[in-house]
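Reader: I would like to go through this model with you step by step, beginning with single residues and then moving to strands and to the chain as a whole.

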Amino acid sequence: MRYRLNGTLTLFSSDAASGDLPLVELVTPTEAVPILIEAPGFRILNHSLFPETIQYCKAEALAECTLGTLVVPDKTDPLHSSLKIAYYFQKTRLIFIAGEEQQAKLTSLLFPEDPLDARDLFHFFFSFLESLIQNDMVYLQNFEKRLSVMEDSLMDTLPRELKNTVLTGRRELLVFHSYYQQMMDLCEILSENENGLFPPDFGRHFNRLAGRVSRLYDHTQMLREYALQIREMHQEQLDLRQNETMRILTVVSTIFFPLSLIAGWYGMNFVNMPELAAPYAYFILIGVCVLIVALEIWYFKKKGWF
């Protein structure tokens with residue numbers, strides 16, 4: 001699809017003349033090849049044209065164009081889903097390239113509820129990049145609340161469930177950590193404007209965007225450290241529970257050890273054992289066992305082992 005940029009994006013047919021108005025095009029990789037095969041920098045763009053070849057966010061400033069790729073994590077499932085886009089920017093032309101299955105996502109980014117700045121192609125491209133991180137701070141704040149809930153549930157949640165949840169959260173944060181780092185590098189390259197493609201004052205716009213991404217990067221780093229602390233606290237809770245279990249087993253074993261000794265001693269059944277013939281020996285032995293257990297329990301409580 002092709003759009004004319006004149007304050008708003010206006011769809012028009014491919015055979016219509018755009019005049020002097022800049023164009024924004026949304027195409028698939030297959031459609032992009034015949035369109036850009038003769039364009040400057042196509043050989044470089046061709047290496048990362050298809051979704052399976054797009055690995056990270058980048059920008060390359062060539063003599064007549066700026067091109068690159070974007071990998072935007074899906075906030076609903078950042079570990080398994082992301083929007084992969086290639087872009088090609090010239091002074092009067094901006095082309096976005098995405099797979100057919102991701103065309104709808106890209107279209108929703110180009111036409112959000114709060115329209116992008118469409119006064120010219122430069123502001124539109126910058127506004128598009130800015131929209132990619134527009135709600136990320138809210139997302140990270142909600143993620144922080146998730147971690148707080150995990151921390152509060154350390155004593156209640158099953159160990160394996162909590163461990164899996166924390167590990168999944170740390171992996172998701174790692175995805176966004178890498179994403180923001182790549183976006184900072186991308187903004188730095190665009191702010192340098194080595195090919196003079198953007199207006200001179202656009203350097204400060206990209207520097208401002210880089211500052212916002214940097215704050216998101218720092219927040220993500222803080223959340224990763226927070227998740228690591230929760231994991232360590234979880235491990236400490238497991239160690240404490242194991243120690244508690246071992247202490248209880250030790251106390252129970254200690255209580256019954258004298259009884260086992262008595263049972264083994266009188267289980268020998270020698271003929272000349274006088275207790276075997278005593279009429280009240282059985283009841284006396286029961287009393288001795290109860291007394292031993294009572295003394296042991298009193299001692300353990302005094303020592304705080306119960």
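Reader: Is Lys301 buried or exposed, and what is its relative accessible area?

Author: This is a predicted model, and in it Lys301 has its place in helix α8, which covers residues 281–302. A residue counts as exposed when its relative accessible area is over 50%. Lys301 passes that cut-off and is therefore exposed, with a relative accessible area of 56%.

Reader: How far apart in space are Lys301 and Leu228, C-alpha to C-alpha?

Author: Along the sequence, Lys301 and Leu228 are 73 residues apart. Taken from C-alpha to C-alpha, their separation in space is 37 Å.

Reader: Which residues is His219 in contact with, once its neighbours within four places in sequence are left aside?

Author: His219 is found in helix α7, residues 202–266. Its relative accessibility is 13%, and because buried means under 20%, His219 counts as buried. With the neighbours within four places in sequence left aside, the residues in contact with His219 are Met137, Leu140, Gln141 and Glu144.

Reader: What is the phi of Asn193, and where does this residue lie?

Author: Most residues other than glycine have a negative phi. Asn193 is not a glycine, yet its phi is positive, at about 50 degrees. Asn193 is also buried, with a relative accessible area of 18%. As for its place, Asn193 lies in the loop between α6 (159–192) and α7.

Reader: Which side chains of strand β1 point to one face and are buried?

Author: In a regular strand the side chains alternate between the two faces of the sheet. Strand β1, residues 2–5, shows such an alternation, with Arg2 and Arg4 pointing to one face and not buried. The side chains that point to the other face and are buried belong to Tyr3 and Leu5.

Reader: What are the bridge partners of β1, and which residue takes a positive phi in the hairpin of β1 and β2?

Author: Strand β1 runs antiparallel to strand β3 (residues 23–27), joined to it by 3 bridges, and Arg2 stands opposite Glu25 in β3. β1 also pairs in the antiparallel sense with strand β2 (residues 9–11), again over 3 bridges, where the bridge partner of Leu5 is Leu9. The hairpin of β1 and β2 has 3 residues between the strands, and the residue that takes a positive phi there, near 85 degrees, is Gly7.

Reader: How many residues of strand β6 are buried, and which strands does β6 pair with?

Author: Strand β6, residues 82–90, is mostly covered, with 7 of its 9 residues buried. The bridge partner of Gly68 in β6 is Tyr87, and Phe89 stands opposite Leu94 in β7. β6 and β7 form a hairpin with 2 residues between them. The pairing is antiparallel in both cases, over 8 bridges with β5 (residues 66–73) and over 5 bridges with β7 (residues 93–97).

Reader: Why is the protein chain described as more spread out than a compact globule, and what is its radius of gyration?

Author: The protein chain has 8 helices and 7 strands. For 306 residues the globule rule gives 19 Å, and the value for this chain is well over that, so the chain is more spread out than a compact globule. Along the principal axes, its C-alpha atoms fill a box of roughly 120 × 35 × 30 Å. The radius of gyration of the protein chain is 35 Å.

Conventions: Residues are numbered from 1 along each chain as its sequence is written. This is a predicted model: local features need pLDDT of at least 70, side-chain atom pairs count only at pLDDT 80 or more; totals for chains, interfaces and linings use all residues. Side-chain values use heavy atoms; hydrogens and water are left out. Helices (H or I, at least four residues) and strands (E, at least two) are DSSP runs, numbered from the N terminus. The radius of gyration is taken over C-alpha atoms; the globule rule is 2.2 Å times the number of residues to the power 0.38. Buried means under 20% relative accessible area, exposed over 50%, partly exposed in between (1.4 Å probe, protein chains only). Contact means heavy atoms within 4.5 Å. Two strands pair if DSSP finds at least two bridges between them.
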